[in-house]
Amino acid sequence: KKNFKGLLLEANPHYINDISKNLNPNFKLRNILVDNNDTSKFLYHVESNSIDKYPKYAKGICSVNKKNLILHHIKEPDIRKTKVESKKLSSIIKEENLEKIDFLIIDVEGLEFNILYEFLINTNFKPNIIFEMKFMKKDQIFKILDLLKNYEYDITLFKNDFICLKKF
């Protein structure tokens, strides 16, 4: 749609220029790590000179947990860390003066629970949500699913993602 707008949050500063070149002009891009607190953190990512050793998807892999990269078969000598700013999603929503969110897609290599729980508890937004559960613990999955059910979401598991559609 011509009037479709969005906010893309990317933690890895090394890819901001590439993303901005290909981003729809109706989307705003911010270089920030989303987590459950407002602080700085180390972000682990594949070293740019080593990226060609790996499948194309490796370019997008980054995490605050180094082990998540190793689980994706990234070799330790090819992993680098960069200090990045971190903010709660609720803080970003206030800064951006967002009044409506239709879709929230979260794929953050292990921070899904922190982000989603903080978002659901601290905002009044109830958008359609897609989030990866691959790195979540069982108790975290059940806690989020119970919360989403209480907010009347229809929930479907597709591969490693939960698709949560708000009932009308």
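Strand β8 is mostly covered in this predicted model: of its five residues, four are buried. The strand spans residues 128-132, and its pairings, together with the helices that lie across it, organise the description below.

**Sheet around β8**

An open sheet is formed by four strands, ordered β7-β8-β10-β9, with mixed pairing. Its edges are β7 (103-106) and β9 (153-158), each of which pairs on one side only. On average, neighbouring strands of the sheet are turned by 10° against each other, direction ignored.

β8 runs parallel to β7, and four bridges join the two. Towards β10 (residues 161-166), β8 pairs in the antiparallel sense, again over four bridges. Individual positions show how these strands are aligned. Ile-129 of β8 stands opposite Leu-104 and also opposite Cys-164 in β10. The next pair concerns Ile-130, whose bridge partner in β10 is Ile-163. As a general point, side chains in a regular strand alternate between the two faces of the sheet.

**Helices across the sheet**

Two helices lie across strands of this sheet, as the table sets out.

| Helix | Residues | Strands it lies across | Angle |
|---|---|---|---|
| α4 | 112-122 | β7 and β8 | about 155° to β7 |
| α5 | 138-150 | β8, β9 and β10 | about 145° to β9 |

Helix α4 also takes part in the chain's passage between two strands: β7, α4 and β8 make a right-handed β-α-β unit. The buried residues of α4 are Glu-112, Phe-113, Ile-115, Leu-116, Glu-118, Phe-119 and Leu-120. Their cover includes the sheet strands β7 and β8 and the helix α5. Further elements that cover these residues are β3 (33-35), β6 (79-88) and α3 (89-95).

**Cysteines and disulfides**

How many disulfides does a search of the whole structure find? The search finds zero. A disulfide is a covalent bond between the sulfur atoms of two cysteines. The burial of two cysteines can be stated separately. Cys-62 has a relative accessible area of 11% and is therefore buried, because this value is under the 20% cut-off. Cys-164 likewise counts as buried, because its relative accessibility is 0%. Cys-164 is the β10 residue that stands opposite Ile-129, which places this buried cysteine in the pairing between β8 and β10.

Conventions:
Residues numbered from 1 in each chain as written. Predicted model: local features only at pLDDT ≥ 70, side-chain atom pairs only at ≥ 80, totals over all residues. Heavy atoms only, no water. Pairing = 2+ DSSP bridges. Axes fitted to C-alpha atoms, helices over the stretch in contact; angles between N-to-C directions. Contact = heavy atoms within 4.5 Å. Disulfide = S-S within 2.5 Å. Buried < 20%, exposed > 50% of the residue type's maximum accessible area, 1.4 Å probe, protein only. Right-handed = clockwise from strand over helix to strand, strands pointing away.
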